[in-house]
Amino acid sequence: MKSLSINAFLNTLRNVLNMIFPLVTFPYVARILGAQNLGIYNFSNTFISYFLLIAGLGINTYAIREGAKYREDRKKLNNFVAQLYSINLVSTLISYILLGSVLVLAHNLRIYVICILIFSIQIFFTTIGVEWIYSIFEDYTYITIRSIFFKLISLILLFVLVKHKSDYLIYAAITVFASVGSNILNYIHVKKFCDIKITKVMEIKKHIKPILIIFASNIAILLYVNSGITLLGIMKNAYIVGIYSASTKIYSVLKTVLSSALIVTVPRLAMLYGKKNFNEYRKVASNVFNFLTLVTIPATIGLIIVSKSVILVLSGRDFVSATLSLQLLSIAAIFSIFSWFYNDCILIPAKKERVVLIATIVSAIVNILLNIVLIPNYNQNASAFATIIAELVGMIISIYYGRKVVTINNFYNNFSTVVIASIGMTIIGVIINSLKLNTFISLIMVICLSGIAYLIILIILKNKLVINIINQKTKG
């Protein structure tokens, strides 16, 4: 059995790299390609994600869950893998047929067709890449090394080959290369664990129901996440998609940073709930929630204050009109993070996945409807606003049912001091912005001075969580 701590480290390293890579590449890509061509790239990539989902069904999650039972029996595992691999090939063929039909019938997609076709190569190679087998065997060493290797190669190719605005197709090809290369290596390396064969005996009746349930959940999540960019590309143009992509990229990084630091608490909460140790469960859940409040509110308010500077530094002046949409998405991040807490830390450990699915579906419907109604008049800002309302709806549903499972301790004291301290840091940030300093200097000053002011105010107000952290550090 592999070391859990080593696996945790490798998985964390891979997630950190996945977060850092866009921050390194996006400023360069945004300046070289411009909003129009970056919009074509992002719309095409998002568009193909729907067909990747159709090809994948819910096989990845289902295979990991069920395949672990056969890990020690290669013969049974071979049979299981052959069945799911064959089902996956059928769904991949269906996905390509649907993609071809859409591209032939949808004339307003003509500007994106070549880029979409380049990205579509990923569909087949994702299927033969059988990433789920590596998750079954927890082979995080291979996955991490492979990920680092292809990211470095892609980075080199990006800076060498992408030099002009017209190079967005080359950028798409480089993105596909990283995926295809990883999947080819997967296919070769997988023989270490099992034999991949095609079978006519797929036992579809046995597998199809759980696969389709997971697939339905995945559809709801994908529609929720990608509907803004998709509808902007269809109802508006590639330039608007490019502008919105600048704000969504930063929004995604913010959410990743805020949630990844606490994702390790999910197994602990699931274990405590499973053992019916509800007192300890409530204590840990309360600490997690209060810490989330402590970092999420100032982080999102801070991003609202420095949004223009962040856009200018990361994307350049061509994307300055993304400022308002980034500010709106920053508000959405608050609702998103607290939804995440109640979904992953409360409802799922309590085996209330159905509530999570309902919340996701309702949020997706709200998001799509608001986008359709508002995009004609408000462009990318409409999608950002729709995200706020959708995230808020999802959070309300999750909290309503989550509060029936657990009550958060020390919430009001923590929340009130965080709000007061956030007001203080906001005043500092606004004053610094009004000085009209160099963009980069102003950004650094706002982050540092506002952060210091926030911490000092919390200490003065005797925020219990901060005081406890300071005491622990002092004792240590």
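Here are a few exercises on this structure, each with a worked solution.

This is a predicted model, where local features need pLDDT of at least 70, side-chain atom pairs count only at pLDDT 80 or more, and totals for chains, interfaces and linings use all residues. Residues are numbered from 1 along each chain as its sequence is written, and side-chain values use heavy atoms, with hydrogens and water left out.

**Exercise 1.** Work out what span helix 14 should have, and check it against its end C-alpha atoms.

*Solution.* Start with the element: helices are DSSP runs (H or I, at least four residues), numbered from the N terminus. The expected span is 1.5 Å times one less than the number of residues. Helix 14 covers residues 411-434, so its 24 residues should span 34 Å. The end C-alpha atoms sit 34 Å apart, which agrees. Just past the helix comes Lys 436, with a positive phi near 55°.

**Exercise 2.** Is Asn 367 buried or exposed, and which residues does Asn 367 touch?

*Solution.* First, place it: Asn 367 lies in helix 13 (residues 353-402). Next, the cut-offs: buried is under 20% relative accessible area, exposed is over 50%, and partly exposed is in between (1.4 Å probe, protein chains only). With 2% relative accessibility, Asn 367 counts as buried. Last, the contacts (heavy atoms within 4.5 Å): leaving out residues up to four places away in sequence, Asn 367 touches Tyr 224, Ser 227, Ala 386, Thr 387 and Ala 390.

**Exercise 3.** How many salt bridges does a search of the whole structure find? Go through the pairs and say where the partners lie.

*Solution.* The rule is a side-chain nitrogen of Lys or Arg within 4 Å of a carboxyl oxygen of Asp or Glu. The search turns up three.

- Step one: Asp 195 and Arg 74 pair up at 3.2 Å, N to O. Asp 195 is in the loop between helix 7 (168-189) and helix 8 (204-235) and Arg 74 is in helix 3 (residues 74-105), so the pair ties together parts 121 residues apart in sequence. Asp 195 is partly exposed at 32%, and so is Arg 74 at 35%.
- Step two: Glu 131 meets Arg 146 at 3.0 Å, N to O. Glu 131 sits in helix 5 (residues 131-136) and Arg 146 in helix 6 (residues 140-161), 15 residues apart. Glu 131 is partly exposed at 24%, while Arg 146 is buried at 10%.
- Step three: Lys 255 meets Glu 391 at 3.8 Å, N to O. This pair links helix 9 (residues 238-260), home of Lys 255, to helix 13, home of Glu 391, 136 residues apart. Lys 255 is partly exposed at 22%, but Glu 391 is buried at 5%.

Note on methods: Helices (H or I, at least four residues) and strands (E, at least two) are DSSP runs, numbered from the N terminus.
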